[in-house]
Amino acid sequence: MLRSALLLGLGRGPLGRGLSTHRGGSTLDWERKVSEIKKKIQSILPGGAWDPLYNTSYLPPEHADVVIVGGGVLGLSVAYWLKKLEKPRGAIRVLVVERDHTYSRASTVLSVGGIRQQFSVPENVQLSLFSVDFLRNINEYLAVVDDPPLDIQFNPSGYLLLASEKGAAIMENNVKVQRQEGAKVCLMSPEQLRNKFPWINTEGVALASYGMEQEGWFDPWCLLQGLRRKVQSMGVLFCQGEVTRFVSSSHHMETMSGEEVNLKRIHEVHVKIDQSLEYQPVECAIVINAAGAWSGQVAELAGIGKGPPGTLQGTKLPVELRKRYVYLWHCPQGPGLETPFVIDPSGTYFRREGLGQNYLGGCSPTEEEEPDPGNLEVDHDFFQDKVWPTLAQRVPAFESLKVRSAWAGYYDYNTFDQNGVVGPHPLVLNMYFATGFSGHGLQQAPAVGRAVAEMVLEGHFKTINLSSFLFSRFYLGEKVQERNII
């Protein structure tokens, strides 16, 4: 439409007439101006070089079947599986809206990249088993013709969870669940632990569980870029901007219990373009809320939680920003290449980073210690006071460690039960969630993306039943009781 208007205007307006009626000035100057005008006209003709008078390529399309809010690994995984499972091919137009194309604040790239099956809830074990198979065969899923293969740098060193006397019985029950779901996990006594890992101090440890297969860590950036590259090759559209408004229709109905509810359907998403006052309305059929730590704010834009307290309409998405620190240190006498991802009973964790006696680690603060999430500044005193004492007690060699760097990242923290929210909202009928994983979203993203795509395309979960992760549990008060949250 813009091209047609420009071509008509240039052909019939004053500029077109002036080419044959110019008077005054040098011929060379005028010929130069004519040449410049011709180049600009040529730039908007079919087949011309793309240098338009008014470039709108940065705007999102006016229509999309699915708008995904959030372009991290969860959002990209949903995009991938929607395109992978669509029938016929090319049937679904998917738009991903991401406000930070550098991913400088994204949870994905600021994480430590761990993946484990050592959870207590069967669904979490199943999600991670599916995802580790995806990661270990990543080029079967994400290969792009003429592009180099991905190297996810998967390190299968396993997870080592330590339990005190108080937590030993719980650990035994957890391992039973993990084995029933197909995870290869063994229990170790303090003596077995010392024999296998002589650098560890077993004081206060009554039992340990060790992942023998399919656990370890990988490169989060590689997974993010691999997914992005693949979905672009599949026709997924991207826009750098921020969703600022949803336009929806609604109608009232009464539930079987007599409660009156307001059902909504989103018809249009308003996207504010990055570093601009412009916004673009995008008509759509489905919205996926994969905005991570900001998904609670996106839900509020859709009217979720804006109702009387204690009602379904007044139930908020309980996902908020929580800041977490990661520290990198060097220790020449530290544990060697066989070092697993270690989690102390206190919650302090560490893993090896590379081959040069470097290590990553940290621990989650208590509720009273939660830092201000308004920035990504690092509290180095937190390491000195909370992290280092536990590390040095558990691994005596860490007494002489030297911190080399540190950073902070965000958890999409589910304050209700620290587990993911997957699937549709019961009242905003065409908004689906892929958020709230509270630190294990990266490792479960391949499986969660498939689950959401199945729900959108089929109306139910197929590969893994994630009904217990639906939004309705917040209203019903039914917590997913996962004991192994780190």
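## Helix packing: α4 against α12

Here an axis is a line fitted to C-alpha atoms, for a helix over the stretch in contact, and angles between N-to-C directions run from 0 to 180 degrees. In this predicted model, the axes of helix α4, residues 73-85, and helix α12, residues 441-458, come within 7 Å and cross at roughly 40 degrees. Angles under 35 degrees would count as roughly parallel, and α4 and α12 are therefore oblique to each other. The crossing in which α4 passes α12 is right-handed.

On the α4 side the contact is made by Val-73, Leu-74, Ser-77, Val-78, Trp-81, Leu-82 and Leu-85, while the contributors from α12 include Gly-441, Leu-442, Ala-445, Pro-446, Arg-450 and Glu-454. By class, the residues of this contact divide into 14 nonpolar, 3 polar and 2 charged.

## The eight-stranded sheet

An open sheet of 8 strands, with mixed pairing, follows the order β10-β9-β8-β2-β1-β11-β18-β17. At its edges stand β10 (279-283) and β17 (421-424), each of which has a single partner strand, so one side of each is left without a neighbour in the sheet. From one strand to the next, the twist averages 30 degrees.

Within this order, strand β8, residues 237-254, pairs with strand β9, residues 260-273, in the antiparallel sense over 13 bridges; Gly-241 stands opposite Ile-273 in β9.

## Where helix and sheet meet

Helix α12, which takes part in the contact with α4, also lies across strands β11 (286-289), β17 and β18 (431-435). Relative to β18, α12 runs at about 170 degrees.

Technical notes. Residues numbered from 1 in each chain as written. Predicted model: local features only at pLDDT ≥ 70, side-chain atom pairs only at ≥ 80, totals over all residues. Heavy atoms only, no water. Helix = DSSP H or I, 4+ residues; strand = E, 2+ residues; numbered from the N terminus. Parallel < 35°, antiparallel > 145°, perpendicular 65-115°, else oblique. Left-handed = near helix turned anticlockwise from the far one by under 90°. Contact = heavy atoms within 4.5 Å. Nonpolar A, V, L, I, M, F, W, Y, C, P; charged D, E, K, R; others polar. Pairing = 2+ DSSP bridges.
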